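Colleague: I want the reasoning behind each label, not just the labels. Can we go through them one by one?

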Amino acid sequence: MSELTFRFVVPGDDYSRAGEASSTVKNRLKRLGIDPAAIRRVSIALYEGEINMVIHGGGGEVIVSVTPQRVDMVLEDHGKGIPDIALAMQEGYSTASDQARSLGFGAGMGLPNMKKYTDEIEVSSVVGQGTTVRMAVLL
Amino acid sequence: MTTLQLDQLDGLTKLTRPAEAREITCIYCCDLLSLAMAQAPANSAWVTVMGNRNTIAVASLADVACVILAADTAFSDDCITKAEDEGVTVYRTAAPIFETAKRIDLLL
């Protein structure tokens with residue numbers, strides 16, 4: 001299997017469509033015969049990332065690349081950015097809106113879950129310009 | 001046990017059309033979707049009062065066996081369609097979360 005790349009646009013402020021990229025990636029990884037435990041880790045990390053893009057990032061783009069060795073995920077938004085990345089990585093820290101909380105989100109588990117379920121994660125952000133999260137799950 | 005046994009449980013109504021039976025290995029109760037996303041065990045019966053499209057997305061990605069909406073939680077037709085599209089079986093009951101979980105636990 002050579003490298004496969006999937007691209008998705010995540011709409012901003014549309015909670016009803018959040019998870020479409022994760023769901024599609026999950027199904028494609030299943031068809032590729034990837035280990036179910038690895039698929040679950042990718043799904044969790046990607047879904048959390050998608051939700052963050054909807055809640056905080058005003059939407060953006062997701063690129064997922066698959067090789068026999070790893071699944072790489074790049075999530076890029078052009079939202080308000082993260083002033084203190086170390087603080088945002090702490091469990092329980094959240095700046096989510098009341099709307100997000102009313103739907104069951106905003107527990108401050110997004111970035112911590114993404115870190116917990118991936119082997120590599122790098123978060124870069126510029127306040128007022130946006131955030132890019134690069135994650136990888138090794139196969 | 002499987003979801004087929006849940007079909008027979010008094011007070012439980014299946015909202016989605018019949019799907020392939022799933023093995024249920026444990027019960028999971030949670031209303032915070034981020035927590036459920038990370039912690040819901042695969043093949044669990046997930047009891048919650050959070051009934052929206054995102055619940056279905058989490059249920060599908062976490063690969064739970066089914067979702068049980070407790071306390072007569074509302075669930076729109078749109079959500080039922082999404083659940084069927086994703087292959088997630090959804091039940092509803094008037095009983096509260098703890099009581100629902102206790103009743104299912106007797107069947108495990």
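Modeller: What follows sets computed values against their cut-offs, for a model that is predicted.

Colleague: Start with chain A. Which elements does chain A have, and in what pattern?

Modeller: Chain A has five helices and five strands. Along the sequence they read β-α-α-β-β-α-α-α-β-β.

Colleague: How do you know whether the radius of gyration of chain A agrees with a compact globule?

Modeller: Set it against the globule rule, 2.2 Å times the number of residues to the power 0.38. For 139 residues that gives a value near 14 Å, and chain A has 14 Å, so the two agree. The C-alpha trace spans about 40 × 30 × 25 Å along its principal axes.

Colleague: What share of chain A is buried, and what share of its contacts joins residues 24 or more positions apart?

Modeller: Buried residues are 42% of the 139 in chain A. Of the contacts with a separation of 6 or more, 62% link residues 24 or more positions apart.

Colleague: Now chain B. What is the order of its elements?

Modeller: Chain B holds five helices and five strands. From the N terminus the order is α-β-β-α-β-α-β-α-β-α.

Colleague: And what does the globule rule say for chain B?

Modeller: With 108 residues, the rule predicts a radius of gyration near 13 Å; chain B has 12 Å, which agrees. Its C-alpha atoms fill a box of roughly 30 × 25 × 25 Å along the principal axes. Buried residues account for 43% of the 108. Contacts between residues 24 or more positions apart make up 46% of those with a separation of 6 or more.

Colleague: Next, helix pairs. Why are helix 1 and helix 2 of chain A called roughly parallel or roughly antiparallel?

Modeller: Two packed helices are described by the angle and the distance between their axes. Helix 1 (residues 20-31) and helix 2 (residues 36-55) of chain A have axes that come within 9 Å and cross at roughly 165°. Angles over 145 degrees count as roughly antiparallel. Helix 1 of chain A is therefore roughly antiparallel to helix 2 of chain A. Their crossing is right-handed.

Colleague: Which residues meet there?

Modeller: From helix 1 of chain A come A:Ala21, A:Ser22, A:Val25, A:Lys26, A:Leu29 and A:Lys30. From helix 2 of chain A come A:Ile39, A:Val42, A:Ser43, A:Leu46, A:Tyr47 and A:Glu50. By class, this contact has seven nonpolar, two polar and three charged residues.

Colleague: What makes helix 3 and helix 4 of chain B roughly parallel or roughly antiparallel?

Modeller: Again, the angle. The axes of helix 3 (residues 53-62) and helix 4 (residues 77-86) of chain B come within 9 Å and cross at roughly 15°. The limit for roughly parallel is under 35 degrees. Helix 3 and helix 4 of chain B are therefore roughly parallel to each other. The crossing is right-handed. B:Arg53, B:Ile56 and B:Ser60 of helix 3 touch B:Cys79, B:Lys82, B:Ala83 and B:Glu86 of helix 4. These divide into three nonpolar, one polar and three charged.

Colleague: What makes helix 3 of chain B mostly covered?

Modeller: A residue is buried if 20 or more other C-beta atoms lie within 10 Å of its own. In helix 3 of chain B, 10 of 10 residues are buried, hence mostly covered. Among them are B:Asn54, B:Val58 and B:Leu61.

Colleague: What do the buried residues of helix 3 of chain B pack against?

Modeller: They pack against helix 1 and helix 2 of chain A. Within chain B, they pack against helix 2 (33-39), strand 3 (44-48), strand 4 (66-69) and helix 4. Just after helix 3 of chain B, B:Asp63 takes a positive phi of about 60°.

Colleague: How many residues does each chain bring to the contact between chain A and chain B?

Modeller: Chain A gives 19 residues and chain B gives 16. Helix 1, helix 2 and helix 5 (110-116) of chain A each supply at least two to the chain A side. Helix 2 of chain A gives the most, with five. The chain A side divides into eight nonpolar, eight polar and three charged residues.

Colleague: Last one. Why does A:Val126 count as buried or exposed?

Modeller: The exposed class takes 12 or fewer C-beta neighbours. A:Val126 has 11 inside 10 Å, so A:Val126 counts as exposed. A:Val126 lies in strand 4 (residues 120-126) of chain A. Its C-alpha atom is 6.8 Å from that of A:Ile82, 44 residues apart along the chain.

Note on methods: Residues are numbered from 1 along each chain as its sequence is written. Chains are lettered from A and ligands numbered from 1 in the order in which they are written. This is a predicted model: local features need pLDDT of at least 70, side-chain atom pairs count only at pLDDT 80 or more; totals for chains, interfaces and linings use all residues. Helices (H or I, at least four residues) and strands (E, at least two) are DSSP runs, numbered from the N terminus. Two residues are in contact if their C-beta atoms, placed from the backbone, lie within 7 Å. Axes are lines fitted to C-alpha atoms, for helices over the stretch in contact, and angles run from 0 to 180 degrees between N-to-C directions. Angles under 35 degrees count as roughly parallel, over 145 as roughly antiparallel, 65 to 115 as roughly perpendicular and the rest as oblique. A crossing is left-handed if the near helix is turned anticlockwise from the far one by less than a right angle, and right-handed if clockwise. Ala, Val, Leu, Ile, Met, Phe, Trp, Tyr, Cys and Pro count as nonpolar, Asp, Glu, Lys and Arg as charged, and the others, Gly among them, as polar.
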